[in-house]
Amino acid sequence: MAKAAYGREDFGQGGLNKQLDVDSLLEQIDLDRDEIAWRKDFIDFDEDDERRLQQYEGVFREHADQVAEDFYDNLTDYDQTLEVIGRSEKSVEQLGRTQSAYLVTLVSGDYGMEYFRDRARIGKIHDILEMPMKHYLGQYGVYYELILPLIGDHLTETLTDRLGGTETQSETEAIIEETVGDTIQDLLSILRIINLDMQVVTDTYIHSYSQKLADEIERNERLMANVQREVQDPVEDLRTISADVSDSAEDISATANTQVEQMDEIASEVANLSATIEEIASTADQVENTSDRAEELAQDGKVAADDAAETMTDIGDAAQTTREDMHQLQDGIEEIDEFAVAINDIASQTNILALNAQIEAARVGEAGEGFAVVAEEVKSLAEKSQNRADDVEERVATVKDDTEQTVESLAEMTEQVDQGIDQAQDAMAKLVDIAEAISETANGIGEVSNATDDQAASSEEIASMVDEIVGQTESVAAEIDDLAAANQQQATMVNEIQTTIDTLTDSTTATDGGQESSGGEASAGSVSIPDDLPEGIPDFVVESLPEETLRKIARGELDATDVR
């Protein structure tokens, strides 16, 4: 069966080639004849390699279809590569023919400018199909697995042809050593040409990434300029507000701390007040009891005053009666005095009569001696009576003086009793007033006592409330301190945001060749990056886009370059 002929004409037949300007591509990746010659020299690829490769053209052409079939069987076993194949306009059979042509031209022996034009075209088409570089370069591992058996078969055929069976052992060893060494050189030639292919493909991918990066850098610069314009004023406002809030928080914190200290002092004062009120309440109870006792004593005093007033009235009446009796006594003494005067007069006259009788008796003589004796006795008696009358008069005078003094004393006593009665009545009226005042005071003190008890209970509640307020104030002070710290942190973050914006605006962004960094998922934050998101999109772009937009890009519903 005749094998299909494959060559350069099988390249560039797909619709994607219309999107390519290969000459411009070669110019952009700096791939010209001098660059190709330098690369060949750098890896020691020379005419001997071309000759060695060309000797496998027949073998590769013979197995091209099988290699292509096995190659695509391997690719279609993976969803990611199968998805890339699905984006091509060619069928798997058409792609297989292109793959066969690639295998045959690999050992065509012609490695000039056109060869590298085709390799650049092939690399760029795979980039357009969004096949990741790791997939494209990984394909060469499949090639090695498919090509090496062909090299092994060629080695076996060569040894079979050279060994006829008549050689000595040393000749056989020499032939094997020479043939194996020659085959190793063939393998090195294949590896060198594949290395050159891989360099060109890598250039096309890097060029694509550079273009995307340049576009993203330009877009990022526009975005950052817009962001800077849009957030400059809010950031300044936020910085100002944060500073104001920070100052206010510090003031509030200081005030709260001061209030805590004041509340502690108030709590102490309230505690002291509560204790004082308790003492007042206790004293008020004692005063209330004393007031009750005073009220009782006042009532007793009122009764005693009433009794004293009655007694003073009785004394006044008795003094008046005594005064009247003394007047009567004084009258009786006057009469006695008159009697004494009369007796004294009678004694005087009797004495005169006795004297006359003596005179008459003497004149009579002996006959009158008896009469004279009598007269002498009468005279003696009259003298004694006169003496007694004088004594009576003296005593009467003394009694009269005493009586007059007694009357005067009784008069004074009567006045004093009258005054005592008036004073007793005044004292009684005052005692009544005092009793009423003490009663009112007792009632007031009772009310004060009750109010003091209520105030003591209220002061205890106030003390409890003050303690609670102190705790709340301390909690508020702590929260304000936390707020101040958080606000300070926020202010720091605002400054960091401003710094970041300025940095992003003034600097360029580097890329890792389209490879997803190990921290990509973490840096995206809450944004879930679909596994099929095209590579090469910078992380900061991923962070700025909503998840739904990323999924649309991944599904091909939206082009990443259209997201502005």
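**Aromatic pairs and a negative surface patch**

In the predicted model, Tyr 205 is buried, and Tyr 209 is likewise buried. Both tyrosines belong to helix α9, which spans residues 169-364, and they are placed four residues apart, or about one turn of the helix.

Across the structure, the number of aromatic pairs comes to seven, where ring centres within 6.5 Å are taken to pair. One of these is formed by Phe 45 and Tyr 111, whose rings meet edge-to-face at 5.5 Å centre to centre, with 90° between the planes. Phe 45 is located in the loop between α2 (33-42) and α3 (47-54), whereas Tyr 111 is located in the loop between α6 (92-105) and α7 (113-128), so the pair ties together parts that are 66 residues apart in sequence. Both Phe 45 and Tyr 111 are buried. The two buried tyrosines of helix α9 also form an aromatic pair: Tyr 205 and Tyr 209 are arranged edge-to-face, at 6.2 Å centre to centre and with 65° between the planes. Phe 45 and Tyr 111 are, in addition, members of one aromatic cluster that also contains Tyr 115 and Phe 116.

With regard to surface charge, a negative patch is made up of the aspartates Asp 401, Asp 402, Asp 418, Asp 422 and Asp 426 together with the glutamates Glu 404, Glu 408, Glu 412 and Glu 415. Among these residues, Glu 408 is found in helix α10, which covers residues 369-506.

Terms used
Residues are numbered from 1 along each chain as its sequence is written. This is a predicted model: local features need pLDDT of at least 70, side-chain atom pairs count only at pLDDT 80 or more; totals for chains, interfaces and linings use all residues. Side-chain values use heavy atoms; hydrogens and water are left out. Patches are made of residues with over 30% relative accessible area and no salt bridge: like charges are joined within 9 Å, nonpolar side chains (Val, Leu, Ile, Met, Phe, Trp, Tyr) within 5 Å. Accessible areas come from the Shrake-Rupley method with a 1.4 Å probe; for residues, only the protein chains shown count as cover. A salt bridge is a side-chain nitrogen of Lys or Arg within 4 Å of a carboxyl oxygen of Asp or Glu. Lys and Arg count as positive and Asp and Glu as negative; His and the chain ends are not counted. The place of a charge is taken as NZ of Lys, CZ of Arg, CG of Asp or CD of Glu. Rings of Phe, Tyr and Trp (its six-membered ring) pair if their centres lie within 6.5 Å; planes under 30 degrees apart count as stacked, over 60 as edge-to-face and the rest as tilted. Buried means under 20% relative accessible area, exposed over 50%, partly exposed in between (1.4 Å probe, protein chains only).
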